[in-house]
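Work through the exercises below with the model open beside you. Try each task before reading its solution.

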Amino acid sequence: MGPLHYSLLILPSVLILSTYYLLLLLKRRRSPSPDNPPRLPPSPPALPVIGNLHQVGLYPHRTFAALAQRYAAPVMLLRLGSKPALLVSTAGAARELFKSHDLLVSTRMRIRTFERLFYDAKTVASAPHGEYWRHARATCVLHLLSNKKVHSFAPVRIRETELMVERIADASRRGVAVDLSDVATCLSNDVICRVSFGDKMTSDPDVAGRFKVLLEELMKLLGGFFVGDFIPSLGWVNRLVGVDRRVDKTFKEFDEMLESILVEHEGWIDNAEEGCQSFVDVLLEAQRDGKTTSHFLGRDNIKALLMDMLVGGTDTSATLLEWVMAELLKHPRVMKKLQHEVRTITKGKLEISDSDLDQMTYLKQVMLETLRLHPPVPLLGPRELIEDSTIMGYELEAGTLVFTNAWAIGRDPRSWDEPEEFRPERFTNGCLDRGQDFDVIPFGAGRRGCPGRAFALAINELVVANLVGRFDWTLPDGIKTKDLDMNECALPTIHRRYHLRAMAITI
Ligand code: HEM
């Protein structure tokens, strides 16, 4: 028998033995015994039943960052009620998570409150990973969020920005302060509503007021860590403290509002001009013409996608705008440098085009530096582990929640020199599209990363360029820049605690 025959005989035995050994190893790992406990990330002590829920507090991104610092742990394991929760707090850990395990963390945390608010998890943001989510997300990208579509909405952005400039110029003439927080909210809502339903909620003051209150309440409900959501046996607590009632009321009102939009658009659908259709028209038409599988575009699905745009696109954008202006007012040197860039490129012309914006590199650095310090959604969209997995050498069970702390990552001294300083120049030599570096991840990462990034940056860059290009700004009531309050208010989007007010001087 030659060496080849020996190896042919030995090979099956080696394969059988190694398969047996592998199965043994897997069995041991899946059924941890007291002698062989799974290797888990560091954890702070937890209380019975509630685990670490009592430590979450009003500002979970800050609490979680403080814990990660105290334990010097890039990843930690908490227990939120009955659910284990992995906290990811450094760029290195985020890179490992999203580069090597993205599929494992590509489903969303399942929370009763969210599911009820979002048409049984039919929104893109809340849907579990799978065929429905892929289809829903692709639909939003194709009809609203792709670069091509974003470019095509330039007239809407320009018109709404122009209206904003007129209002500010009016306040400037009258010598009254501008509430920049309100300006940011109105503008973001108007742009999203116009591209989604072709009209603004602010056209009718009553509707505008109701819509604003409704969105605020929805955001509060999304940001709450409610006991009944994390400990199913205590679901009655949500009923007792009125959370369930608030959820039902908010959902009902939102649904009625979206339903009336659908009914209105169904009346026009045959007359809508090609090319002038809003998102809702495109969805209704696809449904009517059977262009899509019926299970996908039912009435609730259409309303859920509209909700995605309202929830995902309004408050986030407004928050960014608010913080950019606050940082510029607090740092007059940066404000002057940005004004110089914008005014040099626009050379006195009033309408700023997309190609003007492309040349404004300092503006992009200012946006990125603001997003580093103030990611509007600091814990990104919480995920859930699809199956038992080993991540960074730790053994984690299926269903573990995953929170990535973009706020902590943006302020990590291992990644950033003087991280608390607002210094846009830190991005001068680097690439401005930092998605792959994982040290600035305000839009999340991987399959579930934000699909609205291009949309959001296009509107925010245009608005900031107009605000600083056409006005000089000072703080009202003799407030000094060093005294400008920079405190935050609670989740899910991290707004300023107090509205930002400033005096505009038309140049
Ligand atoms: C400054 C503005 C924005 C910020 C900071 C932001 C941030 C985020 C973040 C952090 C996530 C979760 C990502 C993850 O889990 O990895 C997300 C998801 C999402 N965003 Fe945005 N967003 C912004 C604007 C928008 C806009 C304008 C839209 C749409 C009009 C939008 C639609 C969505 C949707 C649909 C999702 C869910 C994606 C999925 O689960 O597949 N966002 N966004």
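The exercises cover a ligand site, two sheets and one helix pair.

This is a predicted model, in which local features need pLDDT of at least 70 and side-chain atom pairs count only at pLDDT 80 or more, while totals for chains, interfaces and linings use all residues. Residues are numbered from 1 along each chain as its sequence is written, and side-chain values use heavy atoms, with hydrogens and water left out.

**Exercise 1. Find the protein donor to the iron atom of the ligand.**

Step 1. Look for donors, meaning N, O and S atoms within 2.8 Å of the metal (3.2 Å for Na, K and Ca); water is not among the atoms, so sites may look incomplete.
Step 2. The protein offers a single donor, the SG atom of Cys450, 2.3 Å from the iron.
Step 3. Place Cys450 in the fold: it sits in the loop between helix 20 (406–410) and helix 21. Helices (H or I, at least four residues) and strands (E, at least two) are DSSP runs, numbered from the N terminus.

**Exercise 2. Describe the shell of residues around the ligand.**

Step 1. A residue is near the ligand if one of its heavy atoms lies within 4 Å of it. There are 30 such residues, and Arg108, Trp133, Arg137, Arg383 and Cys450 come nearest.
Step 2. Check the arginines for polar contacts (a pair of N or O atoms within 3.5 Å). A polar side-chain atom of Arg383 is 2.6 Å from a ligand oxygen. For Arg137 the distance to a ligand oxygen is 2.8 Å. An N or O atom in the side chain of Arg108 is also 2.8 Å from an oxygen of the ligand.
Step 3. Ask which elements contribute. Those giving two or more residues are helix 6 (131–145), helix 15 (299–313), helix 16 (315–330) and helix 21 (453–470). Helix 15 gives the most, four residues.
Step 4. Sort by type: 17 are nonpolar, eight polar and five charged. Here Ala, Val, Leu, Ile, Met, Phe, Trp, Tyr, Cys and Pro count as nonpolar, Asp, Glu, Lys and Arg as charged, and the others, Gly among them, as polar.

**Exercise 3. Trace the five-stranded sheet and find its edges.**

Step 1. Two strands pair if DSSP finds at least two bridges between them. The order is 1-2-8-5-3, in an open sheet with mixed pairing.
Step 2. Strand 1 (75–80) and strand 3 (107–108) each have a single partner strand, so one side of each lacks a neighbour in the sheet.
Step 3. Strand 3 runs antiparallel to strand 5 (383–384), joined by two bridges. Thr107 has Glu384 as its bridge partner.
Step 4. Add a helix. Helix 3 (60–70) packs on the sheet, touching strand 1, strand 2 (83–88) and strand 8 (401–404). Contact means heavy atoms within 4.5 Å.

**Exercise 4. Trace the three-stranded sheet.**

Step 1. The order is 4-10-9, open and antiparallel.
Step 2. Strand 4 (178–179) and strand 9 (471–474) are the edges, each pairing on one side only.
Step 3. Two bridges join strand 4 to strand 10 (501–506). Val178 stands opposite Ala502.

**Exercise 5. Describe how helix 17 meets helix 19.**

Step 1. Axes are lines fitted to C-alpha atoms, for helices over the stretch in contact, and angles run from 0 to 180 degrees between N-to-C directions.
Step 2. The axes of helix 17 (332–346) and helix 19 (361–373) come within 8 Å and cross at roughly 145°.
Step 3. Residues making the contact include Leu338 of helix 17 and Leu363 of helix 19.

Notes. A polar contact is a pair of N or O atoms within 3.5 Å; within protein, one must be able to donate a hydrogen and the other to accept it, and residues adjacent in sequence count only if both atoms are side-chain atoms.
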